[in-house]
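This report walks through a single protein chain, moving from individual residues to the way its parts pack together. Please keep the sequence and the three-dimensional view open while reading.

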Amino acid sequence: MRIQANKMKEMLQLYFIMGTQNTNSVPLEVLEQAISGGITMFQFREKGRGSLSDLAKEELARNLMKLCKIHSVPFIVNDDVDLALAIDANGVHVGQDDEKADQVRRKIGDKILGVSAHTMDEVRKAIEYGADYLGIGPIFPTESKEDAKPPNGGALIKEIRKAGISIPIVGIGGITAENAAAVMETGADGISLISAISHAKNPEKAALDLKLSLLSNNRRK
Ligand code: TZP
Ligand code: MG
């Protein structure tokens, strides 16, 4: 059975994304602290300068996933459908330049499918192709993605909601505890981020602060 939208929205609240290239510390330790701080989902995104490949990548994925399993944190693999299937991850996230979402959906069955979208056209296609959630961004400028588009994600989330589309949405790009509430106010169900946790001196505290900023947003609603 495909994941239900309300359950998906819960998982998206504080969605941490990381690969070896995003930290100078030990990835397993950073993830452990992020989990202590209250992240609700994790994406393994091993990509770009300094990233691992092949067996080393798979081994790290397995170790990070084991940690997630112990703490009941869903584990999503970026791009690499074969890896997600090989290790039986909870799902896959693909961008517009990756394998097409309908093809990924056929391969992964009922696992979670996340799709990045930057236009209303891409949003509608992703939904038609079977996305369980959309990643929309960048909301703010980011240094974690070299080929990132100009920030406009906030406007797109508002447009999606204005069109009456209720699919689970997570915002991405330059999100911090200071601006998280503004992202939620556009109509997002959660925030996803790399550096706010992976580059933090204290990743546990960083995750906690993000969590608190979401809670204070809920109180205002
Ligand atoms: N896609 C759009 S922005 C981004 C990705 C993967 C990077 C987000 O990283 P950060 O450090 O939270 O800005
Ligand atoms: Mg991708």
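Gly187 sits in the loop between α8 (180–185) and β8 (190–193), in a model that is predicted. With a relative accessibility of 22%, Gly187 counts as partly exposed, because the class called partly exposed runs between 20% and 50%. When residues up to four places away in sequence are not counted, Gly187 touches Ile157 and Arg161. Gly187 can also be compared in position with Pro168, for the two are 19 residues apart in sequence, and their C-alpha atoms are 9.6 Å apart in space.

A second loop, the one between α7 (153–162) and β7 (169–172), holds Ile165. Ile165 has a relative accessible area of 16% and is therefore buried, since buried means under 20%. Its contacts, leaving aside neighbours within four places in sequence, are Met120, Val123, Arg124, Ile127 and Ile160. One of these partners, Arg124, is 41 residues away from Ile165 in sequence, while the C-alpha atoms of the two are 9.1 Å apart in space.

Asn6 belongs to helix α1 (residues 5–12), and its relative accessibility of 52% makes it count as exposed. Although Asn6 and Asp189 are 183 residues apart in sequence, the distance between them in space, C-alpha to C-alpha, is 9.7 Å.

The three residue pairs described so far can be set side by side.

| Pair | Separation in sequence | C-alpha to C-alpha distance |
|---|---|---|
| Gly187 and Pro168 | 19 residues | 9.6 Å |
| Ile165 and Arg124 | 41 residues | 9.1 Å |
| Asn6 and Asp189 | 183 residues | 9.7 Å |

Next come the helices and their packing. How do helix α2 (residues 27–37) and α3 pack, and at what angle? Their axes are 10 Å apart and form an angle of about 20°, which means that α2 is roughly parallel to α3, because angles under 35 degrees are counted in that way. The crossing in which α2 passes α3 is right-handed. On the α2 side the residues that meet the partner helix are Pro27, Leu28, Leu31, Glu32 and Ile35, and on the α3 side they are Leu60, Asn63, Leu64, Leu67 and Cys68. Sorted by character, the residues of this contact divide into eight nonpolar, one polar and one charged.

Leu31, one of the α2 residues in that contact, also has a place in the interior of the model. The largest nonpolar core has 57 residues, and those with the most contacts inside it are Leu31, Ile39, Phe42, Phe75 and Ile191. Helix α3 (residues 54–70) supplies the largest share of this core, namely six residues. Apart from neighbours within four places in sequence, Leu31 is in contact with Phe16, Met18, Ile39, Phe42, Leu64, Leu67 and Cys68. There is also a second, separate core of nine residues, which includes Met11, Met41, Ile76 and Tyr133. As background, nonpolar side chains in soluble globular proteins tend to be buried together.

Helix α3 also contains a lysine, Lys57. Is Lys57 buried or exposed? Its relative accessible area is 15%, so Lys57 is buried. Neighbours within four places in sequence aside, Lys57 is in contact with Phe44, Glu46, Leu52, Asp80 and Leu83.

Some details of the backbone complete the account. Most residues other than glycine have a negative phi, and most peptide bonds are trans. Asp54 is not a glycine, and yet it has a positive phi of about 50°. This residue lies in helix α3 and, at 65% relative accessibility, counts as exposed. Asp79, which is likewise not a glycine, has a positive phi of about 70°. Asp79 lies in the loop between β3 (75–78) and α4 (81–87), where it is partly exposed with a relative accessible area of 22%. Finally, the peptide bond from Gly137 to Pro138 is cis, with omega near -5°, and Pro138 lies in the loop between β6 (133–136) and α7.

How values were computed
Residues numbered from 1 in each chain as written. Chains lettered and ligands numbered in written order. Predicted model: local features only at pLDDT ≥ 70, side-chain atom pairs only at ≥ 80, totals over all residues. Heavy atoms only, no water. Core = buried A, V, L, I, M, F, W, Y, C linked by side-chain atoms within 4.5 Å. Buried < 20%, exposed > 50% of the residue type's maximum accessible area, 1.4 Å probe, protein only. Helix = DSSP H or I, 4+ residues; strand = E, 2+ residues; numbered from the N terminus. Contact = heavy atoms within 4.5 Å. Axes fitted to C-alpha atoms, helices over the stretch in contact; angles between N-to-C directions. Parallel < 35°, antiparallel > 145°, perpendicular 65-115°, else oblique. Left-handed = near helix turned anticlockwise from the far one by under 90°. Nonpolar A, V, L, I, M, F, W, Y, C, P; charged D, E, K, R; others polar.
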